[in-house]
There are 2 protein chains.
Amino acid sequence: MQMKKLVVIGVGLIGGSLALDLKRAGAVTQVVGVGRSWDNLERALQLGVIDHATQSAAEAVVDADIVLLATPVGQMAAILQQIAPHLAPHTIITDAGSTKSDVCALMQQYLPHHLARCVPAHPIAGSDLSGASAARYGLYQNRNVVLAPFAETDASALAEIHAMWQITGAHLLQMTASEHDAVFAAVSHLPHLLAFAYVDMVAQKDNAERCLALAASGFRDFTRIAGSHPEMWRDISLANRDALLADLHRYQAALTSLTHALENCDGAALVAQFERARHVRTQWEHQRR
Amino acid sequence: MQMKKLVVIGVGLIGGSLALDLKRAGAVTQVVGVGRSWDNLERALQLGVIDHATQSAAEAVVDADIVLLATPVGQMAAILQQIAPHLAPHTIITDAGSTKSDVCALMQQYLPHHLARCVPAHPIAGSDLSGASAARYGLYQNRNVVLAPFAETDASALAEIHAMWQITGAHLLQMTASEHDAVFAAVSHLPHLLAFAYVDMVAQKDNAERCLALAASGFRDFTRIAGSHPEMWRDISLANRDALLADLHRYQAALTSLTHALENCDGAALVAQFERARHVRTQWEHQRR
C-alpha cells in the first residue's frame, strides 16, 4: 500500500507504534498527529513518530487517506462530531478502541453518510504504557488485530485497512462488533473487574497490612491488571455492559459451585475443576509459542 | 550456626535450594536427601544438592540435627509416622508446607512428645518448577519465611531454625499457625481458586476457542496460577477450608456489589472501586522494590 496522508488522533503507544512501522516501511508520505497535549505532540515530532502536529482534528483530516482514532473511546464522540464536516469522500476512518459496539454506534450517529469508508478495528496490544514516548517499532509483530466492518463498509476500504495492518506483521481477524465484544468481555474485561474487586477486598480485611506484606509472585501476576486506569475501565465496563454482566453471572455461578464443593469437602469435584482449568491453561500457553 | 547432619525429605526446589545455600555457607557437614524417586535423588547427588541419598526416611533421620519436611503436605502424615520412633531427643523437625494448621495438627498427632523440637515453617518461594534440578543458590534472598512455633517449642529449636534461614538471606517472620493460614487464604489460596474457576468458565463458553485465540497478556498473567498442580491445590484448599470459605464469601459479596453497580450504570461506584484497588496495587508494587 502507499498513502499520502495518515492522521493519527491520539499519539500514544497504539497510534504512535503504527505510525513508526508505516513510516519505516515507506508506506506513508506524511503522518499528522493530533492531540490535546502540546508536550506529547512535540515529543512525537522529536521522536519521528509524526511529521506534523496540530490540536485541530477538523483541520488535520482534510484530504487524509486514513484517519485513525487512537484515543480512549470516551473522547471519540466529540472527535467524530468535529471531523464529520471536513472528511473527503475517499477518506477512510478507523479506530483502535477496546470495545466495538459502542464505537460502531458513534460512527453510525456522527458519520451516517460515510459508513462505506468506516472500518472499526481493535489492535490487541494494550499495555500500561502511554504517551508518544511509549511508541515503538514492531509492537504489532504477531499480535492480533480485529476488524469489525459494517455491512455498509466497502471492500476497498476494508482492504486498505487490512493492508495497513499487515505491514506491521499483525495477524488479522474479522468478526462483527458484537462477536468482538463478547470475546473481550470474557478474556479481558471480566478479568480486569475480578482483579480490581479482589485487590479491593484484600485491602479491606482487618489483616490487610500483613496480607500485603506476605503477598508473593502469584498475587503479583494475578493482580497486575488491577493497576490499570480506573476511568478507562469504567468506560469499557459501561460500554460492554451486557456481555460483561452475562459473564459476571456465569462466573458467580462457577464460584458458587466451587464454594459448595469446598463446604462439602468434595475433593473430587475440586480436583476435576482444577484439572480442567490447568489443561486448558497449559495448552493455551503452548499454542502461543 | 554449624550442624553435622541435615535431612531433607523431598529434594525439590524448596528443600534443594535451602541445602545448596547451607552447603555453600559451610553451615552443614552432611546433607542427606530422602525421596521416592531414585532418578531425582541421583540428579540431586550429581548436582551437589545432597551428599547422601536414601529412600528410607526412618533410616535417614537417625542422629540428624535438623529434619526438613519439604514434600507436599499430603505426604507428611506417613513420613511423620515413619520417623517418629527414630528421632533423637535433640533432633529438630521443621517443614516447608504452604498451610500450617494442618501440619501442626499432624505433628501434634505423630510427635506428641517431641513438640519442644518442632518448628513449623513456610518459606514463601513457590514456583511451577519441581524436582532437584529446580534447586538453585540464592532462591530465598529477600524472600519471606514464616515460622509458626508451638507454645511448646523451646527457644533453642526456634533459634536454630531462625539462624538456618537467615543464612539464605531470607526475611523471617513469626506468627501463629492460624494467623498464617488466614493471610495465605487471602493472598494465595483464594487467587488460585479464582483463577482455576475463571479459566474453567471461559473454556465452557460457546465461543471458547475464539476467546482463547484472542486472549493476550492480561489473560496470561491473571491465569498463570491456574497452571498449578491440581492435587496440591485440592489439598491446600481442604486444609485451609475455613479461612478460604470466609474469603470466598467476602469475595462473592464484593462481586455482587460490583454487579449491581454495573446493572445500575453507576460509573462513580465503579471508578471508586477501581481507584482504591489501583492505589493499593501500585503502592504494593512500589514497596516490593
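**Exercise 1.** In this predicted model, determine how the axes of helix 7 of chain A and helix 7 of chain B are oriented to each other.

*Solution.* Take the two helices, residues 177-203 in each chain; their axes come within 12 Å and cross at roughly 160 degrees. Angles over 145 degrees count as roughly antiparallel. Helix 7 of chain A is therefore roughly antiparallel to helix 7 of chain B. The crossing of these two helices is right-handed.

Next, list the residues that make the contact. Chain A contributes Ala186(A), Val187(A), Pro191(A), Leu194(A), Tyr198(A) and Val202(A) from helix 7, and chain B contributes Ala186(B), Val187(B), Pro191(B), Leu194(B), Tyr198(B) and Val202(B). Sorted by type, the residues of this contact are 12 nonpolar, no polar and no charged.

**Exercise 2.** Describe the side of chain B that touches chain A, by element and by residue type.

*Solution.* Start with the count: 72 residues of chain B are in contact with 72 residues of chain A. Two or more residues each come from helix 7, helix 8 (208-214), helix 9 (217-223), helix 10 (230-239), helix 11 (241-263) and helix 12 (267-288) of chain B. Helix 7 of chain B gives the largest share, 18 residues. By type, this side of chain B holds 43 nonpolar, 14 polar and 15 charged residues.

**Exercise 3.** Find the operation that superposes chain B on chain A.

*Solution.* A rotation of 180 degrees with 0.0 Å of shift along its axis does so, with RMSD 0.1 Å. This is the relation of a two-fold axis. Within chain B, Phe222(B) has the C-alpha nearest the axis, 2.1 Å from it.

Finally, compare the interfaces: 100% of the interface residues of chain B are also interface residues in chain A, so the copies meet through the same surface.

Technical notes: Residues are numbered from 1 along each chain as its sequence is written. Chains are lettered from A and ligands numbered from 1 in the order in which they are written. This is a predicted model: local features need pLDDT of at least 70, side-chain atom pairs count only at pLDDT 80 or more; totals for chains, interfaces and linings use all residues. Axes are lines fitted to C-alpha atoms, for helices over the stretch in contact, and angles run from 0 to 180 degrees between N-to-C directions. Helices (H or I, at least four residues) and strands (E, at least two) are DSSP runs, numbered from the N terminus. Angles under 35 degrees count as roughly parallel, over 145 as roughly antiparallel, 65 to 115 as roughly perpendicular and the rest as oblique. A crossing is left-handed if the near helix is turned anticlockwise from the far one by less than a right angle, and right-handed if clockwise. Two residues are in contact if their C-beta atoms, placed from the backbone, lie within 7 Å. Ala, Val, Leu, Ile, Met, Phe, Trp, Tyr, Cys and Pro count as nonpolar, Asp, Glu, Lys and Arg as charged, and the others, Gly among them, as polar. Copies are superposed by least squares on the C-alpha atoms of residues with pLDDT of at least 70 in both.
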